[in-house]
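Me: I should like a close look at one part of this structure, followed outward to its surroundings. Please explain each step in a way that a first-year student can follow.

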Amino acid sequence: MAGKAFADHGAEVIKIEPPKAGAPERLRGPFKDELPDPETGGLHLYLNTNKLGVTLNLETEKGRDLFFELLGSADILLNPNMPTLNERLGIGWRAMVERFSRLIAVSITTFGAESKYRDVRGGDLIATQMGGVGWETPVNQVTDFATQPPLKPAEHQADYLAGFTAAAAAMCALFQRKRTGKGQHVDTSSWLAMVSMFRPAVGIHSHEAANAPYGVRIRTRAKLGVPWVYPCKDGWVSFSPITDRFWRGTKAAMGNPEWAESELFESLISRATNHDAVEASLIDWLSNENKQEVFKKAQAEHVPCFPVNTPREVAENEQYKARGFFVEHDHPAARVVRMPGAPCMFSRTPWQLRRGAPRLGEHNREILGERLGVSIDELAALKRDGVI
Amino acid sequence: MSLPFEGIRIADFGWIFAIPHATAWLGSLGAEVIRVESTVAPDLVRFLSGTDGTPGINRSGIFNSINFSRKSLALNLMRPEAREIAHRLVKVSDIATENYTVGNMKKFGLSYEELCKIKPDLIMLSGTPLGQTGPYAKTVGFGPTTQAFAGMCHLTGYPNDFPCGIGGTWPDFAVGTAMVFFILAALHHRDATGEGQYLDLSMAETVTAMLPEAMMDYFLNWRDNGPIGNRDPAMAPHGVFPVKGDDQWVAIAIADDEEFGALCEALGVPALAKEARFSRLASRSANVDDLENEIAARTREFERDDLVRLLRSRDLAVGPVYGPMDLMEDPALRDCGMLVELEHPESGKRIVPGLPVTFSAMQPDYQPAPAMGQDSEQVLGKLLGYSSAEIARLRDAKVVI
């Protein structure tokens with residue numbers, strides 16, 4: 001994801017993969033019709049847009065030599081290996097920063113290359129559950145501790161977030177290099193990235209009294225207050241009725257029913273105190289409403305409300321279509337593929353799909369051959385020896 | 001020591017969570033962030049939680065933990081005179097950030113088109129629920145409500161169960177982190193070409209861009225698998241299991257058959273790994289309910305930290321499930337430099353979470369969150385050239401408030 005952010009915004013990103021096996025996301029799918037193929041997995045096609053692909057076996061000396069030659073002209077190295085592996089291969093950040101003084105060496109691991117836990121096994125689930133986000137999920141919907149354990153968000157949010165964190169941090173180091181002429185090590189961690197999603201709880205922990213309402217909230221997962229999502233007639237909606245303004249809008253959207261005028265719901269505090277009653281009444285109203293209709297109705301009254309969309313509804317909604325969010329391209333191995341496009345629209349340097357995800361070793365000849373000067377015969381020998 | 005964004009000034013009209021999180025990165029790394037806010041329409045986060053049981057506009061623990069390393073200029077943007085002040089501020093700024101509902105900045109006379117006339121190479125980022133264009137551009141929403149639109153809530157939940165809201169007020173801070181990258185990409189382009197630009201960020205689209213597995217499955221197979229809890233298509237067991245104590249849990253992620261064998265051995269049930277229903281990943285996935293019940297029956301017998309230590313000694317991926325209280329006790333977190341103690345003018349010495357990254361050759365400069373309007377005098381006088389008499393008049397007229 002970090003490399004994709006750079007590649008999609010115009011950097012030349014050379015993805016280095018082990019020969020034969022390729023990068024692990026190639027094997028993860030989702031695959032069309034469940035037919036595994038390292039060139040056509042959905043995750044690979046999405047995450048590796050706009051990148052060049054070379055293979056290098058870093059376990060071999062020749063592979064490492066070519067890797068170092070590539071680093072000689074690189075600005076940024078994105079390295080997801082565990083520190084012990086890097087050190088064994090002689091590509092740890094200290095060695096790299098010493099040898100390539102302008103290089104920004106970015107470590108992206110679960111705990112951080114300099115952490116007390118640097119050698120501890122991790123991954124997305126561990127980062128999420130140790131980072132507080134799992135504990136707080138689902139928000140205000142936990143009614144039975146035994147059957148509703150702390151929950152991770154969909155897919156691999158800790159990993160994707162670590163990618164954006166590493167991309168942002170690498171840019172910060174790039175700007176520092178403009179001033180100093182020197183690169184540095186940038187240590188990022190999916191765990192700490194998750195912890196930084198949890199900053200309200202950290203702030204409450206350090207500021208608030210244990211028995212104040214927020215102090216109580218950070219001590220239990222129990223349902224305390226209103227959730228963000230509610231059932232309606234044909235599915236679910238998200239809804240935020242709590243502030244005075246939103247409550248007025250909610251009442252208007254509901255057609256100003258009599259019960260809503262009760263003093264139980266008069267103020268922000270009374271609504272917070274009587275959240276179960278607020279919720280019950282709201283659900284009662286929503287049970288006769290369709291989600292796309294209630295979205296429009298509530299938004300007309302300026303109340304934050306959205307349909308809980310399925311992937312199909314996400315893919316087909318008018319808003320994304322009008323903005324051209326999903327893009328389509330003709331990939332040589334996967335044929336026509338649709339996928340999410342620009343997460344942010346730049347007016348002058350727009351997000352572009354310049355090339356699809358590379359086939360394994362697709363640019364060996366261009367990068368290793370033409371750029372580094374490895375001859376055709378040598379490339380054949382390297383291939384035979386399992387270096388590329 | 002120099003920091004990368006020294007000399008860069010940000011006129012920050014943002015509020016709530018996403019933009020303040022983004023500008024905290026830039027402010028901590030040397031940018032001069034000037035937060036434009038007012039007591040007339042204050043950030044509601046200033047009233048979420050307090051300090052030691054007492055709320056107050058400058059006492060919110062949540063606000064203080066996000067809005068560090070910036071100044072505060074108290075300006076009532078709904079007053080026409082405020083427009084001139086904001087224009088002067090933008091004229092001497094490099095970047096403007098905002099996340100008002102679409103249309104508000106225009107109402108304040110602060111749309112990109114207008115600001116561009118004042119500062120042609122301005123970089124401006126607007127973060128809104130669904131973006132600046134399209135039939136639903138004018139929707140109002142916070143990140144947690146907006147992500148429902150993006151597919152996140154439908155896909156998060158216990159298997160075949162209700163859709164869920166996500167902790168950490170997801171996706172506000174994740175979007176804020178992405179914003180840092182987008183702003184810096186635009187700044188990099190300006191450095192190279194002298195051109196500014198407008199960044200139109202839709203929170204929903206950023207969230208959907210982080211859901212590639214479900215979206216690609218839909219586009220390749222027209223399929224929707226719905227929520228799968230803590231499970232993973234390529235690992236089993238991959239979940240959260242109970243340990244001794246009240247609502248205490250560990251997370252375990254088992255990558256292959258060999259690791260499963262090691263797990264069963266550590267839990268004292270080596271025979272489990274040999275059973276046909278569990279011996280291969282495919283069979284474990286097919287019998288995942290039974291698998292999870294068997295594992296849970298064993299993990300219940302352990303203290304959390306004992307089990308974590310035991311499984312880590314076998315090089316397995318395991319971690320304690322942390323709520324805020326336990327998280328703050330974690331030795332690696334306490335040690336890594338991310339938690340910093342700042343002396344806030346009203347709240348006193350408090351821990352706030354700094355950037356989730358360590359740079360080997362620079363140290364972020366963390367300054368406590370500002371009290372409302374604490375820098376109005378300095379910004380209006382020294383930076384924008386208003387005289388003391390003018391500032392006093394602006395205060396009397398409730399423009400600076």
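Reply: A residue is called buried if 20 or more other C-beta atoms lie within 10 Å of its own, and exposed if 12 or fewer do. The model is a predicted one, and the part chosen for the close look is helix α13 of chain B, residues 288-299.

The length of this helix can be checked by simple reasoning. The expected span of a helix is 1.5 Å times one less than its number of residues. For the 12 residues of α13(B) this gives 16 Å, and the C-alpha atoms at its two ends are 16 Å apart, which agrees with the expectation.

Which residues of α13(B) are buried? They are B:L291, B:E292, B:I295 and B:T299. Around the axis they cover an arc of only 95°, which means that they lie on the same side of α13(B). A general rule helps to explain such a pattern: an α-helix has 3.6 residues a turn, so residues three or four places apart point the same way. The face turned away from the buried side of α13(B) carries B:D289 and B:N293, which are exposed. On its buried side, the residues of α13(B) pack against two strands, β7 (238-242) and β8 (249-253), and against two helices, α12 (281-286) and α14 (304-313), of chain B.

The wider setting comes next. Chain B is divided into domain 1, made of 9-209 + 336-396, and domain 2, made of 238-326. Taken over C-alpha atoms, the centres of these two domains are separated by 42 Å. Chain A is likewise divided into domain 1 (2-196 + 316-384) and domain 2 (229-313), and the centres of its domains are 41 Å apart.

A second helix of chain B, α17 (residues 376-383), can be read with the method used for α13(B). Its buried residues are B:S376, B:V379 and B:L380. Seen down the axis of α17(B), these residues fall within an arc of 90°, so they line one face of the helix. What covers them includes β2, β3 (71-74) and α18 (388-396) of chain B. After α17(B) comes B:G385, which has a positive phi, near 80°.

Strand β2 of chain B, one of the elements that cover the buried residues of α17(B), spans residues 32-37, and six of its six residues are buried. In general, the side chains of a regular strand alternate between the two faces of the sheet. In β2(B), B:E32, B:I34 and B:V36 point one way, while B:V33, B:R35 and B:E37 point the other way, and all are buried. Strand β1 (residues 9-12) of chain B runs parallel to β2(B) and is joined to it by four bridges. In this pairing, B:A11 stands opposite B:I34.

Chain B also meets chain A. The contact takes 125 residues from chain A and 122 residues from chain B. On the side of chain A, the largest share, 14 residues, comes from helix α7 (residues 157-180). By class, that side of chain A has 70 nonpolar, 34 polar and 21 charged residues. Strands pair across the two chains as well: β5 (residues 184-189) of chain A and β12 (residues 357-359) of chain B are antiparallel and share three bridges. There, A:D187 stands opposite B:T358.

Helix α6 (residues 143-150) of chain B offers two residues that touch chain A. B:F149 belongs to this helix, and B:F149 counts as buried because it has 32 C-beta neighbours inside 10 Å. Leaving aside neighbours within four places in sequence, B:F149 is in contact with A:F306, A:P307 and A:N309 of chain A, and with B:A204 of chain B. B:F149 and B:L130 are 19 residues apart in sequence, and their C-alpha atoms are 9.0 Å apart in space. B:P144 is also found in helix α6 of chain B, and B:P144 is buried, with 26 other C-beta atoms within 10 Å. Its contacts, again without neighbours within four places in sequence, are A:W228, B:G165, B:T169 and B:W170. B:P144 and B:I166 are 22 residues apart in sequence but 7.3 Å apart in space, from C-alpha to C-alpha.

Technical notes: Residues are numbered from 1 along each chain as its sequence is written. Chains are lettered from A and ligands numbered from 1 in the order in which they are written. Domain bounds come from an automatic or database domain assignment. The arc is that of the directions from the helix axis to the C-beta atoms. Two residues are in contact if their C-beta atoms, placed from the backbone, lie within 7 Å. Ala, Val, Leu, Ile, Met, Phe, Trp, Tyr, Cys and Pro count as nonpolar, Asp, Glu, Lys and Arg as charged, and the others, Gly among them, as polar. Two strands pair if DSSP finds at least two bridges between them.
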